[in-house]
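Student: Please pick one part of this model and take me through it closely. I would like to see how it is built and how it meets the rest.

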Amino acid sequence: MERKTKVNAEDGKQELVITREFDLPVDLLFRAYVEPEIVEQWMGTKVLKLENKKHGGWHFETSDASGKVVFEASGTIHEFVPDQKITRTFEMENAPFPAQLEFLVFEPLTDDTSKLSMHIVYKSVALRDQMMQMGFAPGLNMAHNRLQTIVSKLK
Amino acid sequence: MNLRRDVFQAIADPTRRAILLLVASQAMTAGAIASNFDTARPTVSKHLQILTECELLEQKQNGREIYYHINAKKMKAVADFIEPFRQMWDDRFNKLEAIMKKYKSKK
């Protein structure tokens, strides 16, 4: 598949920008971020709370087969403009990483294509680099195989 | 498998990245790690072996059990970490796109 995802992480900065163009209308791209049932499918995590509004909060958790929680993250939504933008914080529970700030901008390119920009700001340069090295990012996708199963079921 | 073991090879694989993410949150036994994947247990063991050979994971004995820990020093040694990070997001967004296309076609 063509690589459409770009990461811009300048040396010595505590931020990075991820951009991606989708073969989806912007409203469909936005839905993937707001409907808990869909978020659960592509992020492979359980959505405990997702309040899509200013002052709203979100809370995701992933459990292993025995029901033990192996990943938990939460944050607050600061801006919510349908089909345009979401500004939110992200913090992992029980992990030595402080909260990060995320600016998500959704733009239509054509009627059938759209673009997402994620601007993520970390507490420090060292923390940004560490998060990238670990492959850490908002909405961890650890249940990779499970997600593939879901996708193939939808086919 | 008789491939050269290096960190780039180790983190190029989505399942191994998932294992690293899992173990980064807390040290875990092989059984606990395997329970997070639909993959057969021997396959997960192979991934753990590769990650350990690359020194991305360390084994520590705790009573009768062996726990896998993340080796943060080795992770820092990964010089060009942007590409694996980009690939991870690319994979994730590819899935989002595939899923949303199904939603679209259902309409």
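**Chain B and a residue that touches it**

Tutor: In chain B, among contacts with a separation of 6 or more, 56% are between residues 24 or more positions apart. Keep in mind that this is a predicted model. Chain B has a mean pLDDT of 82, with 80% of its residues at 70 or more. For the complex, the predictor gives a pTM of 0.63 and an ipTM of 0.77. Where pLDDT is low, the predicted coordinates should not be read in detail.

Start with the elements. Chain B contains six helices and three strands, and along the sequence they follow the pattern α-α-β-α-α-β-β-α-α. Its length is 107 residues, 36% of which count as buried.

The three strands form an open sheet in the order E1-E3-E2 of chain B, paired antiparallel. At the edges are E1 (28–29) and E2 (57–62) of chain B, each of which pairs on one side only. E1(B) and E3(B), the latter covering residues 65–70, run antiparallel and are joined by two bridges. One place to look is B:Thr29, whose bridge partner in E3(B) is B:Tyr67. As a general point, strands of a sheet pair through backbone hydrogen bonds, either parallel or antiparallel.

Now add the helices. Helix H2 of chain B, residues 14–25, lies across E1, E2 and E3 of that chain and runs at about 105° to E3(B). H2(B) also meets helix H4 of chain B, residues 41–53: the two axes come within 10 Å and cross at roughly 70°. H2(B) is therefore roughly perpendicular to H4(B). The residues of this contact comprise five nonpolar, two polar and one charged. From H2(B) come B:Thr15, B:Arg16, B:Ile19 and B:Leu20, and from H4(B) come B:His47, B:Leu48, B:Ile50 and B:Leu51.

To see where chain B meets chain A, follow one residue of chain A. A:Val7 sits in strand E1 of chain A. Not counting residues up to four places away in sequence, A:Val7 touches B:Ile82, B:Phe85, B:Arg86 and B:Trp89 in chain B, along with A:Leu16 and A:Ile18 in its own chain. A:Val7 counts as buried because it has 20 C-beta neighbours inside 10 Å. From its C-alpha atom to that of A:His119, a residue 112 places away along the chain, the separation is 10.0 Å.

The strand that holds A:Val7 has its own partner. E1(A), residues 5–8, pairs with E2(A) in the antiparallel sense over four bridges. In that pairing, A:Thr5 has A:Arg20 of E2(A) as its bridge partner. E1(A) and E2(A) form a hairpin with six residues between the strands, and in this hairpin A:Gly12 takes a positive phi near 75°.

The pairing then carries on through chain A. E2(A), residues 15–22, pairs with E8(A), residues 114–121, in the antiparallel sense over eight bridges. Here A:Arg20 appears again, standing opposite A:Leu116 of E8(A). E8(A) is also joined to E7(A), residues 100–108, by eight bridges, and these strands run antiparallel. A:Phe106 stands opposite A:Leu116 in that pairing. E7(A) and E8(A) make a hairpin with five residues between them. You can therefore trace a path on the model from A:Thr5 to A:Arg20, from A:Arg20 to A:Leu116, and from A:Leu116 to A:Phe106. In a regular strand the side chains alternate between the two faces of the sheet.

For the wider setting, chain A has four helices and eight strands. From the N terminus on, they run β-β-α-α-β-β-β-β-β-β-α-α. Of its 155 residues, 33% count as buried. Buried residues also occur in helix H2 of chain A, residues 36–43, namely A:Val39, A:Gln41, A:Trp42 and A:Met43. After H2(A) comes A:Gly44, which has a positive phi near 65°. In chain A, residues 24 or more positions apart make up 41% of the contacts with a separation of 6 or more.

Technical notes: Residues are numbered from 1 along each chain as its sequence is written. Chains are lettered from A and ligands numbered from 1 in the order in which they are written. Two strands pair if DSSP finds at least two bridges between them. Two residues are in contact if their C-beta atoms, placed from the backbone, lie within 7 Å. Axes are lines fitted to C-alpha atoms, for helices over the stretch in contact, and angles run from 0 to 180 degrees between N-to-C directions. pLDDT is the predictor's confidence in each residue, from 0 to 100. A residue is buried if 20 or more other C-beta atoms lie within 10 Å of its own, exposed if 12 or fewer, and partly exposed in between; C-beta atoms are placed from the backbone. Angles under 35 degrees count as roughly parallel, over 145 as roughly antiparallel, 65 to 115 as roughly perpendicular and the rest as oblique. Ala, Val, Leu, Ile, Met, Phe, Trp, Tyr, Cys and Pro count as nonpolar, Asp, Glu, Lys and Arg as charged, and the others, Gly among them, as polar.
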